[in-house]
Amino acid sequence: QLQASGGGLVQPGGSLRLSCAASGSILRINFMGWYRQAPGKQRELVAVISSGGGTNYADSSKGRFTISRDNAKNTVYLQMNSLKPEDTAVYYCNAYYQGANYWGQGTLVTVSS
């Protein structure tokens with residue numbers, strides 16, 4: 001089970017840190033990541049981190065967002081800086097393990113003045 005938190009309302013240029021807490025150990029989870037879905041749009045990848053710590057970012061996230069994981073806390077983070085109105089979306093935590101995808105409930109991020 002994945003529990004996402006940290007969303008909220010922020011002004012353009014501001015920052016937020018999202019957290020995704022897993023109910024069990026994330027050590028063996030192949031990939032954990034963040035996706036987002038804006039109104040009327042398809043869900044898209046934001047960032048992903050492998051069990052070895054390798055990361056990959058969507059072009060829209062590069063240079064502004066940082067994904068990290070704390071295996072001791074079974075938690076994955078997404079630090080989002082320089083937020084833009086187009087970052088407004090529901091952000092979902094994802095875990096890919098043994099060929100299956102697992103999703104958290106989503107947390108809403110609204111970037112608006």
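Student: Are aspartate 87 and arginine 36 buried or exposed?

Tutor: This is a predicted model, and burial is read from relative accessible area, with values under 20% counting as buried. Aspartate 87 is buried, and arginine 36 is buried as well. For aspartate 87 the relative accessibility is 1%, which is why it is classed as buried.

Student: What joins the side chains of aspartate 87 and arginine 36?

Tutor: A salt bridge is assigned when a side-chain nitrogen of Lys or Arg lies within 4 Å of a carboxyl oxygen of Asp or Glu. Here aspartate 87 and arginine 36 form such a bridge, with an N to O distance of 2.9 Å. Aspartate 87 belongs to the loop between S8 and strand S9 (89-97), and arginine 36 to strand S4 (residues 31-37), so the bridge ties together parts that are 51 residues apart in sequence.

Student: Which salt bridge links aspartate 87 to arginine 64, and where does arginine 64 lie?

Tutor: The side chains of aspartate 87 and arginine 64 meet at 2.7 Å, N to O. Arginine 64 sits in the loop between strand S6 (55-57) and strand S7 (65-70), whereas aspartate 87 is in the loop between S8 and S9, so this pair ties together parts that are 23 residues apart in sequence. Arginine 64 also counts as buried, because its relative accessibility is 11%. Through shared partners, salt bridges connect Arg36, Glu44, Arg64 and Asp87 in one network.

Student: How many salt bridges does a search of the whole structure find?

Tutor: The search finds 4. Among them is the pair of aspartate 59 and lysine 62, at 3.2 Å, N to O. Aspartate 59 is exposed, with a relative accessible area of 64%.

Student: Which side chain of opposite charge is nearest to arginine 69, a buried residue without a salt bridge?

Tutor: One checks the oppositely charged side chains and then the polar contacts. For arginine 69, the nearest side chain of opposite charge is that of aspartate 70, 8.6 Å away. Arginine 69, a residue of strand S7, does have polar partners: a polar atom of its side chain lies 2.8 Å from the backbone oxygen of serine 50, and its side chain makes a polar contact with that of asparagine 71 at 3.1 Å. Setting aside residues up to four places away in sequence, arginine 69 touches residues including Ile26, Leu27, Ile49 and Val76.

Student: How many residues of strand S3 are buried, and which strands pair with S3?

Tutor: Strand S3 (residues 16-22) has 5 of its 7 residues buried, so the strand is largely enclosed by the rest of the structure. It pairs in the antiparallel sense with strand S1 (residues 2-5) over 4 bridges, and in the antiparallel sense with strand S8 (residues 75-80) over 6 bridges. Alanine 21 illustrates both pairings: it is the bridge partner of glutamine 3, and its bridge partner in S8 is threonine 75.

Student: What is the sign of phi at asparagine 74 and at serine 82?

Tutor: As a general idea, most residues other than glycine have a negative phi. Asparagine 74, by contrast, has a positive phi near 55°, and serine 82 has a positive phi near 50°. Asparagine 74 occurs in the loop between S7 and S8 and counts as buried, because its relative accessibility is 19%. Serine 82 occurs in the loop between S8 and S9 and counts as partly exposed, at 41% relative accessibility.

How values were computed:
Residues numbered from 1 in each chain as written. Predicted model: local features only at pLDDT ≥ 70, side-chain atom pairs only at ≥ 80, totals over all residues. Heavy atoms only, no water. Buried < 20%, exposed > 50% of the residue type's maximum accessible area, 1.4 Å probe, protein only. Helix = DSSP H or I, 4+ residues; strand = E, 2+ residues; numbered from the N terminus. Pairing = 2+ DSSP bridges. Lys, Arg positive; Asp, Glu negative; His and termini not counted. Polar contact = N/O pair within 3.5 Å; in protein donor to acceptor, adjacent residues only side chain to side chain. Contact = heavy atoms within 4.5 Å.
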